[in-house]
Amino acid sequence: MSEAADCIFCAIEAGEMPARTVYETDDVIAFLDVNPLSRGHTLVVPRAHHSRLAELPAATHGAVFGAVHELVPAVEAAVDADATTVGVNDGTAAGQEVPHVHVHLVPRFEGDGGGPIHTVAGSRPDLSDDELDDVAAAIRDAGGG
Amino acid sequence: VTDDATRGPGPDADPGAADTAIDARLLPDGGTVDDCVLCEAATRDVHGPVVHETPHALAVLEPSPVARGHTLVVPKDHYQRLGDLPADQAADLFRAMREVLPRITAAVDADGVTVGIDDGEAAGQELLHLHVELIPRVDGDGGGPIHAAFPHRPTLSDETLDDVAAATRTALRGDDGSEGPTP
């Protein structure tokens, strides 16, 4: 697998660094986060080194999120959670620290004091209907997909 | 209640899809989802402008955005939880996400994206129709990582973490009694 020097997830993937691995396929590995946000906090990681979601080849992207789909109910069952926050900090502007794509699965419990995903965004913009229409048109017109 | 003429594809375009749309309006408890805004979006483009579509999923702009370009990717059929979604529909949902994400980034000139699912009410899910949030981020926008949503973090012993890992592997095998026959 492609591997980046000094990448801790590549080191885990290569077996050079210990981890509590819970899931492995040819393309994906999942292991417990060493600094868990809750009991059962799991990271789903492509074996190959890519820093951003948009860099993942389609097959790898599919394998990563296929694993997420499979793992969420299993992790919840394992820790008897009520819900799960699924999240990706995609890019340093979104708070990404390890530059190797990883999906956080954070089990949630009633009354755990945590919040929804949208609370981590910056200040809320005040957009008019016209501005929203312009954004929608720009997304439809953008290439890159 | 809706006029078929207001829907996107004609009702005769794909009989299978039309059946699916009807089924989607029934909840597991037999109730209807007439008050589900994301089901409405799937049929009549009323929640927000549709910016991308795949066979089983839609991307719509969040009408109350927390950032410019804030988009929701949703299955057309009504499912609340990710685990409720059949695997083929989950694959299509995440394919739609993959396709629309770079377009959003380009359209609003974002530096990063917060991708997230509040999967279940205890995770803060408000619209009880599964949705993946794509929140464009720019350098210095004052927001944080996903971690910022979690003020209370546990201190877990190595032994506890070992137990959690073992329990997860067991749950994945489906022999923990929660799925399939109890051994």
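Which residue stands opposite B:Thr71 in β5(B)? In this predicted model, for which local features need pLDDT of at least 70, side-chain atom pairs count only at pLDDT 80 or more and totals for chains, interfaces and linings use all residues, the partner of B:Thr71 is B:Leu134. Residues are numbered from 1 along each chain as its sequence is written, chains are lettered from A and ligands numbered from 1 in the order in which they are written, and side-chain values use heavy atoms, with hydrogens and water left out.

Chain B contains 4 helices and 5 strands, where helices (H or I, at least four residues) and strands (E, at least two) are DSSP runs numbered from the N terminus. Along the sequence, these elements follow the pattern α-α-β-β-β-α-β-β-α. Of the 183 residues in chain B, 47% are buried, the term buried denoting under 20% relative accessible area, as against exposed at over 50% and partly exposed in between (1.4 Å probe, protein chains only). Among the contacts (heavy atoms within 4.5 Å) in chain B between residues at least 6 apart in sequence, 51% join residues at least 24 apart.

The strands of both chains enter an open sheet of 10 strands with antiparallel pairing, in the order β1(A)-β2(A)-β3(A)-β5(A)-β4(A)-β4(B)-β5(B)-β3(B)-β2(B)-β1(B); two strands pair if DSSP finds at least two bridges between them. The edges are formed by β1 (21-24) of chain A and β1 (50-53) of chain B, each of which has a single partner strand, so one side of each is left without a neighbour in the sheet. On average, neighbouring strands of this sheet are turned by 20° against each other, direction ignored. At the chain A edge, β1(A) is joined by 3 bridges to the antiparallel strand β2 (residues 28-32) of chain A, and A:Thr21 stands opposite A:Phe31 in β2(A).

Strand β5 (residues 132-137) of chain B is largely enclosed by the rest of the structure, because 6 of its 6 residues are buried. B:Val132, B:Leu134 and B:Pro136 point one way from this strand, while B:Glu133, B:Ile135 and B:Arg137 point the other way. Antiparallel pairing links β5(B) over 3 bridges to strand β3 (residues 71-75) of chain B and over 5 bridges to strand β4 (residues 112-119) of chain B. In the pairing with β4(B), B:Gly116 stands opposite B:Glu133.

Helix α4 (residues 158-173) of chain B lies across β1 and β2 of chain A and runs at about 30° to β1(A); axes are lines fitted to C-alpha atoms, for helices over the stretch in contact, and angles run from 0 to 180 degrees between N-to-C directions. Helix α2 (residues 58-79) of chain A packs against α4(B) at an angle of about 125°, with the axes 8 Å apart. The two helices are therefore oblique to each other. Among the residues of α2(A) that meet α4(B) are A:Leu71 and A:Val75, and those of α4(B) include B:Val164 and B:Leu172.

B:Ile146 is located in the loop between β5 and α4 of chain B and is buried, with a relative accessible area of 1%. Beyond its neighbours within four places in sequence, B:Ile146 is in contact with residues of chain A including A:Thr85, A:Val88 and A:Ile117, and with B:Thr114 and B:Val115. B:Ile146 and B:Thr114 are 32 residues apart in sequence, with a C-alpha to C-alpha separation of 7.5 Å in space.

Note on methods. Angles under 35 degrees count as roughly parallel, over 145 as roughly antiparallel, 65 to 115 as roughly perpendicular and the rest as oblique.
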